[in-house]
Amino acid sequence: MLSSRLSVISVCLAAGNVLSASIWKDSVTKASLPKSFEWNSYDLAGIKDPSIIEVDGVYHVFASTAKEAGYNLVYLSFTDFNEANSATFHYLDQGPIGTGYRAAPRVFYFEPHKLCNPGGWSAPENSFDSMPSIISENIGNGNWVDMWTICDSSDCYLFSSDDNGHLYRSQSSLGNFPNGMGNTVIALQDTNAYALFEASNVYSAGDGEYLLLVKAIGSDGARYFRSWTSTSLSGTWASLADTEANPFARSNNIKFSAEAWN
């Protein structure tokens, strides 16, 4: 199975607020996923949507930056999270990625290609020629957003959202990836568009189990993350912590270091 070493899960509930919790590393025996969660809150104004990978003791962070002029992508690295505030920002619009709307990066190491060069990105290419019909038929007034890719031993899967209560799954063989995405289906849906809104994250939890997170908007208008598990990336998802009373991450299970936010 193809998987990257996961040492930190970070999720963004609102612009300027990042939640983080150390979960597991491949080198540590994996424990069962808990049924409830608690978090600490740290303020990082103007930066969101972090994608974090750890290689040889160095954390590589790719994130969105929000300014009056619009969104951009930034890269920074450090060996300890206490060094994050002093890390040098490298804005990726200065390279082949270019300018324009760039946000919510997802960075991972694809083992079959054996390529890893954070400073040498190619120009963007489309994974789809057009929006798949199943998405255009269900998206309503929503937006096709927040693509997330994860692979198993034979295929790569791309999960995406539509801000309208649907989580989609597309797939390609390892040999064709990153091209060949197709067979797009609805992997999860809710009649309440806000209950399954956007920002899906899918992780390997080890021992053949996968963890799915999706951002929702609660009855009070505050955003939070729901969670599910599955034994297959192409299978069905079982509830883990997926309610406002028992969420994966929400203001009611976070210990705030300063004034609480919603």
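These legends walk through several close-up views of a predicted model.

**View 1. Phe37 meets Phe248 in a tilted ring pair.** Twelve aromatic pairs turn up when the whole structure is searched. In the one formed by Phe37 and Phe248, the centres sit 4.4 Å from each other and the planes make an angle of 55°. The two partners are 211 residues apart, so to speak from distant parts of the chain: Phe37 comes from the loop between strand E2 (17-22) and strand E3 (39-43), and Phe248 from the loop between strand E15 (238-239) and strand E16 (254-256). Are these rings buried or exposed? Phe37 counts as buried because its relative accessibility is 11%, and Phe248 is buried too, at 1%.

**View 2. Phe108 and Phe177 make another tilted pair.** Here the ring centres are 6.1 Å apart and the planes stand at 40°, so this pair goes down as tilted. Phe108 belongs to the loop between strand E7 (90-91) and helix H1 (133-136), while Phe177 belongs to the loop between strand E10 (166-173) and strand E11 (182-189), so the contact ties together parts 69 residues apart in sequence. Phe108 is partly exposed, with 26% relative accessibility, whereas Phe177 is buried, with 10%.

**View 3. Rings in a cluster, and charges over rings.** Tyr59, Phe78 and Phe81 are linked by ring pairs into a cluster. Elsewhere, look for Arg106: its charged end sits over the ring of Trp148, 3.9 Å from the centre of that ring. Arg250 does something similar with Tyr224, lying over its face at 5.3 Å from the ring centre.

**View 4. A four-stranded open sheet.** Follow the strands across in the order E8-E9-E10-E11, and you have an open sheet with antiparallel pairing. Which strands are at the edges? They are strand E8 (145-151) and E11, each of which pairs on one side only. From one strand to the next, the twist averages 25°. Zoom in on strand E9 (residues 155-161) and E10, and you'll find seven bridges joining these antiparallel strands. Cys156 stands opposite Ser172 of E10.

**View 5. Glu198 has salt bridges to Lys215 and Arg223.** The count for salt bridges comes to seven. In one of them, Lys215 pairs with Glu198, with 3.8 Å between the closest N and O atoms. Lys215 sits in strand E13 (residues 209-217) and Glu198 in strand E12 (residues 198-206), 17 residues apart. Both Lys215 and Glu198 are buried. Glu198 also forms a salt bridge with Arg223, and there the closest N and O atoms are 3.0 Å apart. That pair links strand E12 with strand E14 (residues 223-230), where Arg223 is found, and its partners are 25 residues apart. Glu198 counts as buried because its relative accessible area is 13%; Arg223, at 30%, is partly exposed.

**View 6. Arg250 pairs with Glu244.** The closest N and O atoms of this salt bridge are 3.0 Å apart. Which of the partners is buried, and which is partly exposed? Arg250 is buried, with a relative accessible area of 7%, while Glu244 is partly exposed, with 26%. Another group to look for is Asp190, Arg226 and Asp242, joined into one network by salt bridges that share partners. Arg250 also appears in View 3, where it lies over the face of Tyr224.

Note on methods
Residues are numbered from 1 along each chain as its sequence is written. This is a predicted model: local features need pLDDT of at least 70, side-chain atom pairs count only at pLDDT 80 or more; totals for chains, interfaces and linings use all residues. Side-chain values use heavy atoms; hydrogens and water are left out. Rings of Phe, Tyr and Trp (its six-membered ring) pair if their centres lie within 6.5 Å; planes under 30 degrees apart count as stacked, over 60 as edge-to-face and the rest as tilted. Helices (H or I, at least four residues) and strands (E, at least two) are DSSP runs, numbered from the N terminus. Buried means under 20% relative accessible area, exposed over 50%, partly exposed in between (1.4 Å probe, protein chains only). A charge sits over a ring if NZ of Lys or CZ of Arg is within 6 Å of the ring centre and within 35 degrees of the ring normal. Two strands pair if DSSP finds at least two bridges between them. Axes are lines fitted to C-alpha atoms, for helices over the stretch in contact, and angles run from 0 to 180 degrees between N-to-C directions. A salt bridge is a side-chain nitrogen of Lys or Arg within 4 Å of a carboxyl oxygen of Asp or Glu.
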